[in-house]
Amino acid sequence: MAPTPSGNHRTRVHVVSDVHGNARDLARAGEGADALICLGDLVLFLDYADHSRGIFPDLFGTQNADLIVELRTACRFEEARELGARLWGGIGADRASVIEKAVRKQYAEMFAAFPTPTYATYGNVDMPPLWQEYAGPGTTVLDGERVEIGGWTFGFVGGGLRTPMRTPYEISDEEYAAKIEAVGEVDVLCTHIPPEVPELVYDTVARRFERGSRALLDSIRRTRPRYSLFGHVHQPLVRRMRIGATECVNVGHFAGSGKPWALEW
């Protein structure tokens, strides 16, 4: 990592989201930057590009992973849930402990790869109660909170909104809006999910609209941050657009690209 900014030093931060198990590239993501920002989704449950990777195929095999991806992509969510229920039924009462053990293994690797300093918030597939166990002294976890980096104020809001996918960290619209409100006016608004704009929430590969936040969109219009940074949608129709004075940027599907997005001022 570069030295702490001082005097006329320009500040550079690297931003990643949707890491989904890519610890190798994560370990290099902070090179040349004053800080790394991570917008969540460290866990890899199921890789939609490679169905053999993730917790789901490790437990149930690639054939079942192929089938559940096919059902979800076709928006046949009820059938996907029925398949999942049958498969998890075979594991029985140990389901929670099996998932937690697999997630802990991934978190140990992911958090060890974070450089110092790292500022991170949760994604919708993350398990927030475990983060404090793995976040070292160089990693600051923020959710509905603000921090100053290089003279700019950054606000962080983690998690996703409720969907038929029922991922681990989905919250109500009201709870999410309260966290957006708590952050208030900032220079850079960092969230896992995008604002509710069709071009920003449509995934061209999954062929569906993901959930974005109306409260986030309203806040952008009202408080006019310099940037709104987010991930969540892996292959968006539009990666970047302006909303009034704010540059809205999908910082990318880091699991696939292995490259951070850079912001310098």
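By class, the lining of the second largest pocket has 6 nonpolar, 3 polar and 4 charged residues. That pocket belongs to a predicted model, in which the largest pocket has a volume of about 1400 Å³. The model also holds 1 cavity of 30 Å³ or more, a largest nonpolar core of 54 residues and 15 aromatic pairs.

**Second largest pocket**

- The volume of the second largest pocket is about 280 Å³.
- Its lining consists of 13 residues, and those nearest the centre are Ile 55, Asp 58, Ala 102, Lys 105 and Gln 106.
- Two or more lining residues come from each of H2 and H5.
- H5 gives the largest share of this lining, with 6 residues.

**Largest pocket**

- The space in the largest pocket is about 1400 Å³.
- There are 49 lining residues, and Tyr 48, Arg 72, Val 125, Met 165 and Thr 167 are the closest to the pocket centre.
- Sorted by class, the lining of the largest pocket comprises 24 nonpolar, 12 polar and 13 charged residues.
- At least two lining residues each are supplied by helix H2 (55–60), helix H3 (62–73), helix H4 (77–89), helix H5 (95–113), strand S11 (208–209) and helix H10 (254–257).
- The largest share of the lining of the largest pocket is the 6 residues from H4.

**Cavity**

- The largest cavity encloses about 40 Å³.
- Its lining is made up of Asn 124, Gly 160, Leu 161, Thr 163, Thr 167, Glu 170, Ile 193, Glu 210, Arg 211 and His 232.
- In that lining, 2 residues are nonpolar, 5 are polar and 3 are charged.
- Thr 167 lines the largest cavity and is also among the residues closest to the centre of the largest pocket.

**Nonpolar cores**

- In the largest nonpolar core, which has 54 residues, the members that touch the most other members are Val 16, Val 19, Leu 26, Leu 42, Tyr 107 and Trp 131.
- H5 contributes the largest share of this core, 6 residues.
- Leaving aside residues up to four places away in sequence, Leu 42 touches Val 19, His 20, Gly 21, Gln 106, Tyr 107, Met 110, Phe 111, Phe 114, Asp 126 and Trp 131.
- A second core, separate from the largest one, has 21 residues, among them Val 13, Ala 35, Cys 190 and Val 249.

**Aromatic pairs**

- The count of aromatic pairs is 15.
- One of them is the edge-to-face pair of Phe 60 and Trp 88, with 4.9 Å from centre to centre and 85 degrees between the planes.
- This pair ties together parts that are 28 residues apart in sequence, because Phe 60 lies in helix H2 and Trp 88 in helix H4.
- Phe 60 has a relative accessible area of 13% and is therefore buried, and Trp 88, at 11% relative accessibility, also counts as buried.
- Phe 111 and Phe 114 form another edge-to-face pair, at 5.3 Å centre to centre and 85 degrees between the planes.
- Both Phe 111 and Phe 114 are buried, and both are touched by Leu 42.
- A cluster linked by ring pairs contains Tyr 107, Phe 111, Phe 114, Tyr 122, Trp 131, Tyr 134 and Tyr 169.
- Of the residues in this cluster, Tyr 107 and Trp 131 are also listed among the core members that touch the most other members.

Key. Residues numbered from 1 in each chain as written. Predicted model: local features only at pLDDT ≥ 70, side-chain atom pairs only at ≥ 80, totals over all residues. Heavy atoms only, no water. 1 Å grid on protein atoms, 1.4 Å probe; cavity = no way out; pocket = protein on both sides within 12 Å on 5 of 7 lines; lining within 4 Å. Points joined across faces, edges and corners; volume = space filled by probe spheres on them. Nonpolar A, V, L, I, M, F, W, Y, C, P; charged D, E, K, R; others polar. Helix = DSSP H or I, 4+ residues; strand = E, 2+ residues; numbered from the N terminus. Core = buried A, V, L, I, M, F, W, Y, C linked by side-chain atoms within 4.5 Å. Buried < 20%, exposed > 50% of the residue type's maximum accessible area, 1.4 Å probe, protein only. Contact = heavy atoms within 4.5 Å. Phe/Tyr/Trp six-rings, centres within 6.5 Å; stacked < 30°, edge-to-face > 60°.
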